[in-house]
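This report covers the pockets, cavities, helix packing and aromatic pairs of one chain. The structure comes first.

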Amino acid sequence: MRAAGGAIFPQLWHTGVTRKPGSGPFPDAPVLSPSGLTPSGRTVVEPATAAQLAAVTAAYAQAAAAARDAGFHGVELHGAHGYLLDEFHWPVTNRRTDGYGGDINDRVRFSAEVTAAVRAATGPDFPIAFRFSQWKGGHYDARIAENPAELEAFLTPLADAGVSVFHASTRRYWLPAFDQSDRTLAGWTRDLTGLPVIAVGSVGVAAPFLGVAEDGKTAASPQPSLTLAPLVDLFNRGEFDLVALGRAVLADPAWAAKVAGGRLSEIRPYDKTADATLF
């Protein structure tokens, strides 16, 4: 990869309450959650203690330093999709009354502390990406920020703690993040922080994640699988700096090379039913 000019970041994440108690690979490991709540409001464990959170923070820092020492070019902290860091961001799963719960400034505190610990462990020049999302698994209308001001309050402590790149995860990259503006979540993130931003969400596929319009926003979707004009337009408008792909490259590992070579007609499109047989 290095010889070809590529770079690789491992993604560091903690599954939080999405992990069932007693499941592997370490059945005795406790399930951690800010308030012990599932997204449906069911209590499954006790809220994480301050000591447990300190241990998790140290583990993130240790993992990031190990990644740096192993030769990785950076790390990405997964703070999206309902996993542990994101459980702090979302008021539905964070009912804490200490410094880690309450308004958006306190709900992002734990992620900022983890980021700061990773920055301290890896040095000033090691890239740290931070992935975040409004939506959660099974809760596609979820919001951690209701407006640009709240988004700025969320992003600023992370940037101050040492984030180098934000990865704004959406289900449809082209949809506006808030009312009264056509700017996407990636675009708002870039505008508010001035940092590089990765856009993601149904790039190069025919339907959004799971292929169901749970949020009722069908007017702007589905996105034709090989129509990249909206993506190019948003890039040219300065909404993001990089693009992340998932299902598109699972279906066709040569996707990026074919796009770069103008060979869109040769791309094997993603099909959920067909591609399920590959794994």
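What volume does the largest pocket have? The largest pocket measures about 990 Å³ in this model, which is predicted.

## The largest pocket

The lining of this pocket comprises 34 residues, and Arg 131, His 167, Val 200, Ala 244 and Leu 245 are the closest to the pocket centre. By class, 21 of the lining residues are nonpolar, 9 are polar and 4 are charged.

Strands and one helix supply the lining: β2 (75-81), β3 (128-136), β4 (165-169), β5, β6 (242-243) and α8 (247-251) each give two or more residues. Helix α8 gives the most, with 4 residues.

## The cavity

The structure holds 1 cavity of 30 Å³ or more. The space in the largest cavity is about 30 Å³. Its lining is formed by Ala 168, Thr 170, Tyr 173, Thr 184, Leu 185, Ala 186, Ala 199 and Val 200. Two elements, α6 (185-193) and β5 (197-200), give two or more residues to this lining.

The cavity lining divides into 6 nonpolar and 2 polar residues, with no charged residue. Val 200 lines the cavity and is also listed among the residues closest to the centre of the largest pocket. Strand β5 likewise gives two or more residues to the cavity lining and two or more to the pocket lining.

## Packing of α5 and α6

Two packed helices are described by the angle between their axes and the distance between the axes. For helix α5 (residues 148-161) and α6, the axes come within 10 Å and cross at roughly 65°. The crossing of α5 and α6 is right-handed.

On the α5 side, the contact is made by Pro 148, Leu 151, Glu 152 and Leu 155. On the α6 side, Leu 185, Trp 188, Thr 189, Leu 192 and Thr 193 take part. By class, this contact has 6 nonpolar, 2 polar and 1 charged residues. Leu 185 of α6 belongs to the helix contact and also lines the largest cavity.

## Aromatic pairs

The whole structure contains 10 aromatic pairs. One of them joins Phe 88 and Phe 110, with 4.7 Å from centre to centre and 35° between the planes. The pair of Phe 88 and Phe 110 is tilted, because planes under 30 degrees apart count as stacked, over 60 as edge-to-face and the rest as tilted.

This pair links distant parts of the chain. Phe 88 lies in helix α2 (residues 84-89) and Phe 110 in helix α4 (residues 109-122), 22 residues apart.

Terms used: Residues are numbered from 1 along each chain as its sequence is written. This is a predicted model: local features need pLDDT of at least 70, side-chain atom pairs count only at pLDDT 80 or more; totals for chains, interfaces and linings use all residues. Side-chain values use heavy atoms; hydrogens and water are left out. On a 1 Å grid over the protein atoms alone, a cavity is a set of points where a 1.4 Å probe fits but cannot get out, and a pocket is an open set with protein on both sides within 12 Å along at least five of seven lines; lining residues have an atom within 4 Å of a point. Grid points are joined across faces, edges and corners, and a volume is the space filled by probe spheres set on the points. Ala, Val, Leu, Ile, Met, Phe, Trp, Tyr, Cys and Pro count as nonpolar, Asp, Glu, Lys and Arg as charged, and the others, Gly among them, as polar. Axes are lines fitted to C-alpha atoms, for helices over the stretch in contact, and angles run from 0 to 180 degrees between N-to-C directions. A crossing is left-handed if the near helix is turned anticlockwise from the far one by less than a right angle, and right-handed if clockwise. Contact means heavy atoms within 4.5 Å. Rings of Phe, Tyr and Trp (its six-membered ring) pair if their centres lie within 6.5 Å; planes under 30 degrees apart count as stacked, over 60 as edge-to-face and the rest as tilted.
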